[in-house]
Amino acid sequence: QYNNTDWYKNPTRGSIQKLTVARDWGALDESQTWTAIQFRHSQFLNLGETKKARQRVLALDIWTSDSPTWDSSHRGPDGEVVYHRPPLFEGSTLGGLERQRAFPSYRFHDRSAINYTAEYRYIPKWNPFPDIPLINQLYIPWWQWVAFAEVGRVADRWSFNDLHKKMKTSVGGSLRVMVYELVVRADIAASEEGAEVQMFFNHPF
């Protein structure tokens with residue numbers, strides 16, 4: 001991973017590149033062997049302040065994944081075909097907390113995947129939390145409004161043409177707050193299949 005952003009918790013400028021190679025060697029025949037490769041590039045553009053905005057950032061992200069062992073296989077002890085495919089949490093999946101947030105976790109899964117995300121992150125100068133009883137006991141220096149859109153898809157091979165046909169789309173908004181140096185977010189996103197509301201920690205990228 002290479003990170004040259006100004007602040008990793010809430011970057012306003014710079015970029016992050018991350019290459020991940022995961023491998024299971026199938027030690028002692030307890031699991032099948034598999035390999036998974038993922039690459040991510042995130043770019044952050046500072047749009048500056050305004051009379052009402054403390055901070056405005058355009059955050060862009062591209063993520064892609066492939067499992068070169070996907071079509072490899074061997075015969076198990078009972079003669080069944082065992083494919084060398086990674087588990088869902090290491091594989092090429094879309095849906096859930098980070099990619100295609102309008103769909104449930106692992107909604108789409110195949111050998112390869114690609115996903116593009118754009119977020120407009122806006123921090124207003126107005127902060128109501130210090131004036132709210134009980135909540136004002138927490139340290140909340142800012143809150144953030146976010147509008148986002150995502151396009152992506154999975155395919156049975158890594159092919160630029162295949163991965164850019166009939167892509168899935170998620171659009172939505174997010175409310176995020178900094179609480180004791182931790183970003184807490186609530187996302188709502190919609191797609192052709194419906195909508196999802198999710199809460200988690202940190203930015204999706």
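What follows is a walk through the fold, core, aromatic pairs and largest pocket of this protein.

The model is a predicted one. The chain is mostly a story of strands: there are 13 of them, along with one helix. Read from the start of the sequence, the order runs β-β-β-β-β-β-β-β-β-β-α-β-β-β, with the helix slotted in after ten strands in that pattern. The C-alpha trace covers about 70 × 35 × 35 Å along its principal axes. Of the 205 residues, 42% are buried. As for how the chain folds back on itself, 57% of the contacts between residues at least 6 apart in sequence join residues at least 24 apart.

The largest nonpolar core holds 10 residues, namely W63, L94, A102, F103, F108, A113, V146, F148, V154 and A189. Strand β10, which covers residues 143–155, chips in with three residues, the largest share of this core. In soluble globular proteins, nonpolar side chains tend to end up buried together. One core member worth a closer look is A113. Once neighbours within four places in sequence are set aside, A113 is in contact with W63, T64, S65, S92, R153, V154, W158 and L163. Two of those partners, W63 and V154, are listed in the core as well.

Aromatic rings turn up in pairs across the structure, and the full search gives eight of them. One pair sits inside the core: F103 and F108 meet edge-to-face, with 4.9 Å between the centres and 75° between the planes. F103 has a relative accessible area of 0%, so this residue counts as buried. F108 comes in at 10% relative accessibility, and it too counts as buried because the cut-off is under 20%. Another pair, Y120 and Y122, is tilted, with the centres 6.4 Å apart and the planes at 40°. The two tyrosines fall into separate classes of burial: Y120, at 31% relative accessibility, is partly exposed, whereas Y122, at 17%, is buried. Both tyrosines belong to one aromatic cluster, where they are joined by W126, F129, W143 and W145.

Two buried threonines give a local view of the packing. T93 is found in strand β7, residues 92–94, and its relative accessible area of 5% makes it buried. Leaving out residues up to four places away in sequence, T93 touches W63, L88, R99, Y106, F108 and H109. W63 and F108, from that list of partners, are also core residues. T117 lies in strand β9, which spans residues 112–124, and is likewise buried, with a relative accessible area of 5%. Beyond its neighbours within four places in sequence, T117 is in contact with A59, L60, D61, R101, A149, E150 and F205. T117 and E98 are 19 residues apart along the chain, and their C-alpha atoms are separated by 9.6 Å.

E98 comes up again at the largest pocket, which has a volume of about 890 Å³. Its lining counts 36 residues, and those closest to the centre of the pocket are K18, R40, E98, R99 and P204. R99, one of these, is also a contact of T93. Several strands help build the lining: β2 (14–24), β3 (34–46), β12 (182–191) and β13 (194–201) each supply at least two residues. Of the elements involved, β3 gives the most, with five residues. By character, the lining divides into 16 nonpolar, 12 polar and eight charged residues.

Finally, the loop between β2 and β3 is home to S31. With 32% relative accessibility, S31 counts as partly exposed. Not counting residues up to four places away in sequence, S31 touches D24 and G26. A residue from elsewhere along the chain also shows up in its surroundings: S31 and V82 are 51 residues apart in sequence, and 9.7 Å apart from C-alpha to C-alpha.

Terms used. Residues are numbered from 1 along each chain as its sequence is written. This is a predicted model: local features need pLDDT of at least 70, side-chain atom pairs count only at pLDDT 80 or more; totals for chains, interfaces and linings use all residues. Side-chain values use heavy atoms; hydrogens and water are left out. A nonpolar core is a set of buried Ala, Val, Leu, Ile, Met, Phe, Trp, Tyr and Cys residues joined through side-chain atoms within 4.5 Å. Buried means under 20% relative accessible area, exposed over 50%, partly exposed in between (1.4 Å probe, protein chains only). Helices (H or I, at least four residues) and strands (E, at least two) are DSSP runs, numbered from the N terminus. Contact means heavy atoms within 4.5 Å. On a 1 Å grid over the protein atoms alone, a cavity is a set of points where a 1.4 Å probe fits but cannot get out, and a pocket is an open set with protein on both sides within 12 Å along at least five of seven lines; lining residues have an atom within 4 Å of a point. Grid points are joined across faces, edges and corners, and a volume is the space filled by probe spheres set on the points. Ala, Val, Leu, Ile, Met, Phe, Trp, Tyr, Cys and Pro count as nonpolar, Asp, Glu, Lys and Arg as charged, and the others, Gly among them, as polar. Rings of Phe, Tyr and Trp (its six-membered ring) pair if their centres lie within 6.5 Å; planes under 30 degrees apart count as stacked, over 60 as edge-to-face and the rest as tilted.
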